[in-house]
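Me: I've got a protein model open and I'd like to talk it through with you. Could you take my questions one at a time?

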Amino acid sequence: MDKTIQYTKTSSKDEAYEAVKQAITPETIEKFKVSAQLDYQDANKKILAKGKGFELKIDFMDDSVGMDLSLSFMLKPFRAKILEGLEKQLVRIV
């Protein structure tokens with residue numbers, strides 16, 4: 001996992017998954033001028049986002065949410081900034 005965030009505003013992985021699912025939508029991602037396909041896996045409590053040059057996996061565990069981010073060579077210099085931005089968004093939700 002690239003980043004793990006403990007739940008503070010939600011009390012379970014089900015509650016956290018639903019909160020993030022409501023907050024992270026294709027419309028939300030378009031605000032960042034990025035095109036991505038979102039795959040909500042309700043049974044596994046995972047969200048996958050794939051776009052040109054990146055893949056993000058958000059995995060909901062019993063007490064925390066984990067993120068894995070894969071970037072193309074051209075986007076690697078922005079890795080820390082992207083993870084920081086994602087973390088800020090998730091901390092506000094979970």
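**Surface, fold and strands**

Reply: Sure, let's start with the surface. This is a predicted model, and its protein chain exposes about 6,100 Å². Carbon and sulfur atoms supply 53% of that exposed area.

Me: What order do the elements of the protein chain run in from the N terminus on?

Reply: First, the parts: the protein chain has three helices and five strands. Reading from the N terminus on, the order is β-α-α-β-β-β-β-α.

Me: Why can we call the protein chain as compact as a globular protein of its length?

Reply: Take the spans to begin with: along its principal axes, the C-alpha trace covers about 40 × 20 × 20 Å. For 94 residues the globule rule gives 12 Å, and the chain is close to that, so it counts as compact as a globular protein of that length, with a radius of gyration of 13 Å.

Me: What share of the 94 residues is buried?

Reply: Here you need a cut-off: buried means under 20% relative accessible area. Across the 94 residues of the protein chain, the buried share is 32%.

Me: And what share of the contacts with a separation of 6 or more comes from residues 24 or more positions apart?

Reply: A contact here means heavy atoms within 4.5 Å. Look at the contacts in the protein chain with a separation of 6 or more, then pick out the pairs 24 or more positions apart. Their share is 45%.

Me: How far apart are the mean positions of the positive and negative charges?

Reply: The protein chain carries 16 positive and 15 negative charges. Take the mean position of each set, and the two points are apart by 7 Å.

Me: Which residue takes a positive phi in the hairpin of β2 and β3?

Reply: Strand β2 covers residues 36-41 and strand β3 covers residues 46-51, and they pair in the antiparallel sense over six bridges. Along that pairing, L38 stands opposite A49, while D39 stands opposite L48. Four residues sit between the strands in this hairpin, and the one with a positive phi near 55° is K45.

Me: What about the hairpin of β3 and β4: which residue in the turn has a positive phi?

Reply: Strand β4 spans residues 54-60, and its pairing with β3 is antiparallel over six bridges. In it, L48 stands opposite K57. The hairpin has two residues between its strands, and the turn residue with a positive phi of about 90° is G53.

Me: How many bridges join β4 to β5?

Reply: A hairpin links β4 to β5 through three residues. One of the bridge pairs matches D59 with G66 in β5. The two strands run antiparallel, and the number of bridges joining them is seven.

Me: Which residue stands opposite S64 in β5?

Reply: S64 lies in strand β5, residues 64-71. Strand β1, residues 3-6, pairs with β5 in the antiparallel sense over four bridges. The residue facing S64 is Q6.

Me: Is S64 buried or exposed?

Reply: Look at its strand to start: six of the eight residues in β5 are buried, so the strand is mostly covered. Leaving out residues up to four places away in sequence, S64 touches T4, I5, Q6, Y7 and D59. Its relative accessible area is 4%, and under 20% counts as buried, so S64 is buried.

Notes: Residues are numbered from 1 along each chain as its sequence is written. This is a predicted model: local features need pLDDT of at least 70, side-chain atom pairs count only at pLDDT 80 or more; totals for chains, interfaces and linings use all residues. Side-chain values use heavy atoms; hydrogens and water are left out. The radius of gyration is taken over C-alpha atoms; the globule rule is 2.2 Å times the number of residues to the power 0.38. Buried means under 20% relative accessible area, exposed over 50%, partly exposed in between (1.4 Å probe, protein chains only). Accessible areas come from the Shrake-Rupley method with a 1.4 Å probe; for residues, only the protein chains shown count as cover. Lys and Arg count as positive and Asp and Glu as negative; His and the chain ends are not counted. The place of a charge is taken as NZ of Lys, CZ of Arg, CG of Asp or CD of Glu. Two strands pair if DSSP finds at least two bridges between them.
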